[in-house]
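Hi everyone, thanks for coming. I'd like to walk you through a structure that may be new to you, so settle in and have a look.

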Amino acid sequence: MLSQKDRDAIKLIGFVCLLCIVVHIINIAMRGALNDYGLLPRHITHITGLVAYPFLHGSWSHLISNLISFSVLAFLVARSGSARLIAVIVITWAVSSIGVWLFGRTSFHIGLSGIVYGLWAYLITYAFIFRSIKSIVIGVIVMFFYGSMVWGFLPVHQWISFESHLFGALAGILAGFRFARRDKSKQIEVG
């Protein structure tokens, strides 16, 4: 039997996944026209990309790989509650969007991977700083199954937004540090 916390997390994760799938189907029907709403760095005319770009994907394989990673990592973040998951998603979304807009290559950036990298970096950073058994076990699982994500920081393929990966991960590190420190201080106050 799933706890209320798990049901809430699954609903939130399911909503994000469904939104990405619906947007992708509409984009296919429109022959990729929605990709124009991707994030185009330093172009005021494409400022909507700051909000829209995580939900746009270039292909089914791009979408599915992002959704699988997002679902697993988001569920692990949600071990601390749905409010924490929402906060980490919003922080990584905002920081990765702004970072790519300010410093990214001048091409359209699309995909959920900035948020995925943010969730990944959050879990690892949180485990390293907070150091509870639960957080360490989650951090080890994340490194075991997703450790190869570090290669996503390298600009090896022109069509992959390593900038989204980098700024998403930086945002995840900031969020992990902030929340771990806050949770540690709450633990000390209670203890």
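## A walk through the helices

Let's begin at one spot: S69 sits in helix α3, which covers residues 60-77. Please keep in mind that what you see is a predicted model.

Is S69 buried or exposed? S69 has a relative accessible area of 15%, and because the cut-off for buried is under 20%, S69 counts as buried. Setting aside neighbours within four places in sequence, S69 is in contact with V116 and Y146.

Now let's step back to the whole chain. How many helices and strands does the protein chain have? There are 7 helices and 0 strands, so if you read the elements from the N terminus, you get α-α-α-α-α-α-α. The radius of gyration is 17 Å, close to the 16 Å that the globule rule gives for 191 residues, so the chain is as compact as a globular protein of that length. Along the principal axes, the C-alpha atoms fill a box of roughly 55 × 35 × 30 Å.

A few more figures for the chain as a whole. Of the 191 residues, 46% count as buried. If you take the contacts between residues at least 6 apart in sequence, 79% of them join residues at least 24 apart. The chain exposes about 10,200 Å², and carbon and sulfur atoms supply 74% of that area. As for charge, there are 15 positive and 6 negative side chains, and the centres of the two sets lie 4 Å apart.

Next, the inside. In soluble globular proteins, nonpolar side chains tend to be buried together. Which residues have the most contacts inside the largest nonpolar core here? They are F70 and L119, in a core of 41 residues. Six helices each supply at least two residues of this core: α1, α3, α4 (82-103), α5 (113-130), α6 (133-146) and α7 (162-190). The largest share comes from α5, with 11 residues.

Let's look at F70 a little more. Not counting residues up to four places away in sequence, F70 touches I13, V16, C17, I89, L112, I115, V116 and L119. You may remember V116 from a moment ago, as a contact of S69. Apart from the largest core lies another one, of 5 residues, including L39, V100, W101 and F167.

Now for the loop between α3 and α4, where you will find A78. A78 has a relative accessible area of 0%, so A78 is buried. Beyond its neighbours within four places in sequence, A78 is in contact with K5, A9 and L85. A78 and I13 are 65 residues apart along the chain, and their C-alpha atoms are separated by 9.6 Å. I13, you'll recall, is one of the residues that F70 touches.

Moving on into helix α4, we come to R84. Buried or exposed, what would you guess for R84? R84 is buried, with a relative accessible area of 8%. With neighbours within four places in sequence left out, R84 is in contact with V77, Y122, Y126, F179, R182 and D183. Between R84 and L2, which are 82 residues apart in sequence, the C-alpha to C-alpha distance is 19 Å.

Our last stop is the loop between α1 and α2; here α1 covers 4-29 and α2 covers 49-52. R31 is in this loop, and R31 is exposed, with a relative accessible area of 80%. Phi of R31 is near 55°, a positive value in a residue other than glycine. R42 belongs to the loop between α1 and α2 as well, and R42 has a positive phi of about 60° although it is not a glycine. With 39% relative accessibility, R42 counts as partly exposed.

Y37 is also found in the loop between α1 and α2. Y37 is partly exposed, at 46% relative accessibility. Which residues does Y37 contact, leaving aside neighbours within four places in sequence? They are T48, G49, A52, Y53 and L56. Finally, Y37 and A180 are 143 residues apart along the chain, and 35 Å separates their C-alpha atoms.

That's the tour. Thanks for listening, and I'm happy to go back to any part of it.

Methods:
Residues are numbered from 1 along each chain as its sequence is written. This is a predicted model: local features need pLDDT of at least 70, side-chain atom pairs count only at pLDDT 80 or more; totals for chains, interfaces and linings use all residues. Side-chain values use heavy atoms; hydrogens and water are left out. Helices (H or I, at least four residues) and strands (E, at least two) are DSSP runs, numbered from the N terminus. Buried means under 20% relative accessible area, exposed over 50%, partly exposed in between (1.4 Å probe, protein chains only). Contact means heavy atoms within 4.5 Å. A nonpolar core is a set of buried Ala, Val, Leu, Ile, Met, Phe, Trp, Tyr and Cys residues joined through side-chain atoms within 4.5 Å. The radius of gyration is taken over C-alpha atoms; the globule rule is 2.2 Å times the number of residues to the power 0.38. Accessible areas come from the Shrake-Rupley method with a 1.4 Å probe; for residues, only the protein chains shown count as cover. Lys and Arg count as positive and Asp and Glu as negative; His and the chain ends are not counted. The place of a charge is taken as NZ of Lys, CZ of Arg, CG of Asp or CD of Glu.
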